[in-house]
Amino acid sequence: TSIAEELQARYSSLSYPEGTSWHLRFSHLQFYGARYYSYLWSRSIANLVFYNLFYDDPFSESGGERLKEFLRRGSSVNYKRSVEELVGYEFGLEEMVGALVEPVKMFSRGYLDQQTGIGEKWW
């Protein structure tokens, strides 16, 4: 508690609420539920799309046309099959995890680089 109090005093304009240990509670997670995990799912799909369509050329016309067609169909088709058609292959849990880990690896050359099998080129 004293460390949290010191850090808040140093880096926050709000004073530490006396007699509390708010940093030990996870009440902020109480209302997350599936919303948090659907965020991860969406992030993973967005990364799969980016790395497969726009990584080499962020302004790719063909990638943009494929994405436009995907978005045009909306929810009228099976979403997973539609994303697989967009990225060009079937994907599963390994690719979904890789899509979340690879960007972290790109910006943190270190510990994750030395781990085997985590985020190997999945696209």
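The following exercises, with worked solutions, concern a predicted model.

**Exercise 1.** Determine how many helices and strands the chain has, and where confidence is lowest and highest.

*Solution.* The chain contains five helices and zero strands. Its elements therefore cannot be read otherwise than as α-α-α-α-α along the sequence. The chain averages a pLDDT of 80, and 74% of the residues score at least 70. Confidence is lowest in helix α5 (residues 93-107), with a mean of 82, and highest in helix α3 (residues 61-73), at 95.

**Exercise 2.** Classify the ring pair of F50 and Y55, and state whether each residue is buried or exposed.

*Solution.* The structure holds four aromatic pairs. In one of them, the ring centres of F50 and Y55 are 6.3 Å apart. The planes stand at 85 degrees, so the pair is edge-to-face, the cut-off being over 60. F50 is partly exposed, at a relative accessible area of 34%, and Y55 also counts as partly exposed, at 38%. Ring pairs join F50 and Y55 with Y51 in a cluster.

**Exercise 3.** Classify the ring pair of F70 and Y79 in the same manner.

*Solution.* The centres of the F70 and Y79 rings lie 6.1 Å apart. Their planes meet at 55 degrees, so this pair is tilted. F70 is buried, with a relative accessible area of 12%, whereas Y79 is partly exposed, at 41%.

**Exercise 4.** Identify which residue lies over the face of F91, and give its distance from the ring centre.

*Solution.* The residue is K80, at 4.7 Å from the ring centre of F91.

Terms used: Residues are numbered from 1 along each chain as its sequence is written. This is a predicted model: local features need pLDDT of at least 70, side-chain atom pairs count only at pLDDT 80 or more; totals for chains, interfaces and linings use all residues. Side-chain values use heavy atoms; hydrogens and water are left out. Helices (H or I, at least four residues) and strands (E, at least two) are DSSP runs, numbered from the N terminus. pLDDT is the predictor's confidence in each residue, from 0 to 100. Rings of Phe, Tyr and Trp (its six-membered ring) pair if their centres lie within 6.5 Å; planes under 30 degrees apart count as stacked, over 60 as edge-to-face and the rest as tilted. Buried means under 20% relative accessible area, exposed over 50%, partly exposed in between (1.4 Å probe, protein chains only). A charge sits over a ring if NZ of Lys or CZ of Arg is within 6 Å of the ring centre and within 35 degrees of the ring normal.
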